[in-house]
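Visitor: Please take one part of this model and go through it slowly with me, explaining each term when it comes up.

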2 protein chains.
Amino acid sequence: MSSPETDRAYRGLSADERRKDRRSRLVRAAVKLYGARGYANVGVRAICAEAGLTERYFYEAFENGEALAIASFEGIARVLFDNLETAILPHSAPRARLRAALSAWFGLVAAYPDEARFFLKDLDGVSPALEEVRRAVFHRFVALFGRIVGAEPGGSLLEVGAIGGVLEMAVVWMRGGLRIPVDTVVADAERLCSFAFQPQEVRS
Amino acid sequence: MSSPETDRAYRGLSADERRKDRRSRLVRAAVKLYGARGYANVGVRAICAEAGLTERYFYEAFENGEALAIASFEGIARVLFDNLETAILPHSAPRARLRAALSAWFGLVAAYPDEARFFLKDLDGVSPALEEVRRAVFHRFVALFGRIVGAEPGGSLLEVGAIGGVLEMAVVWMRGGLRIPVDTVVADAERLCSFAFQPQEVRS
DNA sequence: GACAATTGACATTCCATGTTGTCAGAATTA
DNA sequence: TAATTCTGACAACATGGAATGTCAATTGTC
């Protein structure tokens with residue numbers, strides 16, 4: 001407990017603005033380092049150094065290190081879903097919506113490699129809380145694609161497989177240095193999804 | 001350096017036999033704990049306790065903790081590939097071979113949940129060495145299925161996606177407590193793979 | 001300019017872990 | 001039985017990280 005009786009401006013920013021700024025700097029630094037070194041190899045010390053802040057402000061912004069990881073992951077997920085929703089907006093035909101969503105997905109992966117690496121690879125087997133967050137986001141991912149192509153809700157295992165495949169494709173694509181043209185990757189992913197997300201009665 | 005001038009039997013086992021026994025006990029204990037708690041939350045102390053051995057024997061058997069993780073993973077992979085090869089042996093038709101392999105895969109997942117959890121989830125973002133091992137095994141996995149259905153070698157991204165999907169299906173299937181009948185899961189996976197692993201000229 | 005709030009650098013505490021070392025006692029052989 | 005190897009329990013050391021605390025210097029307010 002410090003004694004902040006008043007909260008006056010500092011460098012032109014209010015107390016709230018400063019707090020939010022520090023928080024977002026921490027998140028950005030965290031994602032960058034997570035993506036570069038892997039979550040397991042990044043501690044709060046390194047994150048603070050990268051953000052140009054000290055531990056004191058870290059624990060002002062987050063309960064602990066895990067909370068930052070969760071916030072980072074959920075921030076990435078939010079941006080991702082926003083982008084996908086925006087991307088499919090102009091289209092109405094299921095196939096066109098699917099292609100637009102996948103295009104956006106792989107475009108984001110290419111544009112934000114650190115975020116992508118963290119999002120794709122780091123969150124497994126670390127802690128139950130992190131695992132649950134990953135699970136929930138993955139489920140939303142499957143549901144979104146189901147909605148995109150107009151499949152009935154519920155999310156069959158086949159759809160799970162398709163989305164899992166799309167994620168793994170991104171992993172391998174990145175590891176190969178994005179040398180494969182994005183259109184090729186999108187086309188392959190589209191084939192995988194369009195097959196898996198068809199309505200039950202047409203499937204077999 | 002101890003001074004083992006001779007190596008005499010102990011409890012009916014030669015020195016070599018005892019070493020191998022200790023080593024395999026360590027691997028078994030490691031996989032069990034990895035699967036239960038996640039790799040990041042398991043140290044050599046806990047593994048030694050689970051194996052009923054002490055640290056002294058750990059470092060007799062392995063260079064360090066990471067070496068045990070690699071050995072564990074590769075041991076699982078070896079058993080897995082052996083099982084798959086055996087499963088497809090009696091069949092010659094691509095479709096039958098594929099079904100047999102997938103049946104074996106999901107059967108193993110169900111039969112060895114600890115091994116499966118470790119194999120599927122734990123190895124990402126921990127260390128470069130572990131990551132490389134995982135990558136190599138995944139590649140072999142894709143190649144094996146390509147060979148099973150008689151696709152030309154090389155491993156397209158679409159095939160990567162299919163295998164990634166199969167792995168993710170196993171993850172979700174396990175998390176759901178294996179409540180979905182294995183035949184259903186195999187059938188879905190089979191659809192995913194049979195579609196993705198077709199020869200280029202037929203694909204579109 | 002005086003005073004309070006705010007910041008940043010750093011020390012400090014606490015604890016877990018990896019790794020190596022010690023040693024008394026059990027099992028084995030002669 | 002005596003000598004010796006092997007074992008298991010545990011101490012010891014080093015390292016690194018999480019989380020809290022201290023304090024002088026800086027910035028804004030009056």
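Guide: What follows is a look at the surface near DNA strand C, with a short turn at the end to how the two protein chains are related.

This is a predicted model, in which local features need pLDDT of at least 70 and side-chain atom pairs count only at pLDDT 80 or more, while totals for chains, interfaces and linings use all residues. Residues are numbered from 1 along each chain as its sequence is written, chains are lettered from A and ligands numbered from 1 in the order in which they are written, and side-chain values use heavy atoms, with hydrogens and water left out.

Around DNA strand C there are 26 residues, and those that come nearest are A:Arg8, A:Arg22, B:Tyr10, B:Arg11 and B:Arg45; a residue is near the strand if one of its heavy atoms lies within 4 Å of it. Of the atoms of DNA strand C that come within 4 Å of the protein, sugar and phosphate account for 55%. The residues of this surface divide into 7 nonpolar, 6 polar and 13 charged, where Ala, Val, Leu, Ile, Met, Phe, Trp, Tyr, Cys and Pro count as nonpolar, Asp, Glu, Lys and Arg as charged, and the others, Gly among them, as polar.

Some individual polar contacts (pairs of N or O atoms within 3.5 Å) can be followed in chain B. The side chain of B:Arg8 has an N or O atom 3.2 Å from a base oxygen of DNA strand C, whereas a polar side-chain atom of B:Tyr10 lies 2.7 Å from a sugar or linking oxygen of that strand. With B:Val44, a backbone N or O atom takes part, lying 3.0 Å from a phosphate oxygen of DNA strand C. The elements that give two or more residues to this surface are α1 (15-37) and α3 (55-61) of chain A, together with α2 (44-51) and α3 (55-61) of chain B; helices here are DSSP runs of H or I with at least four residues, numbered from the N terminus.

Both protein chains take part in this surface, and it helps to see how they are related. A rotation of 179 degrees with 0.0 Å of shift along its axis superposes chain B on chain A with an RMSD of 0.1 Å, which means that the relation is that of a two-fold axis. The copies are superposed by least squares on the C-alpha atoms of residues with pLDDT of at least 70 in both. Of the residues of chain B, B:Gly165 comes closest to the rotation axis, with its C-alpha at 2.0 Å.

How values were computed: A polar contact is a pair of N or O atoms within 3.5 Å; within protein, one must be able to donate a hydrogen and the other to accept it, and residues adjacent in sequence count only if both atoms are side-chain atoms.
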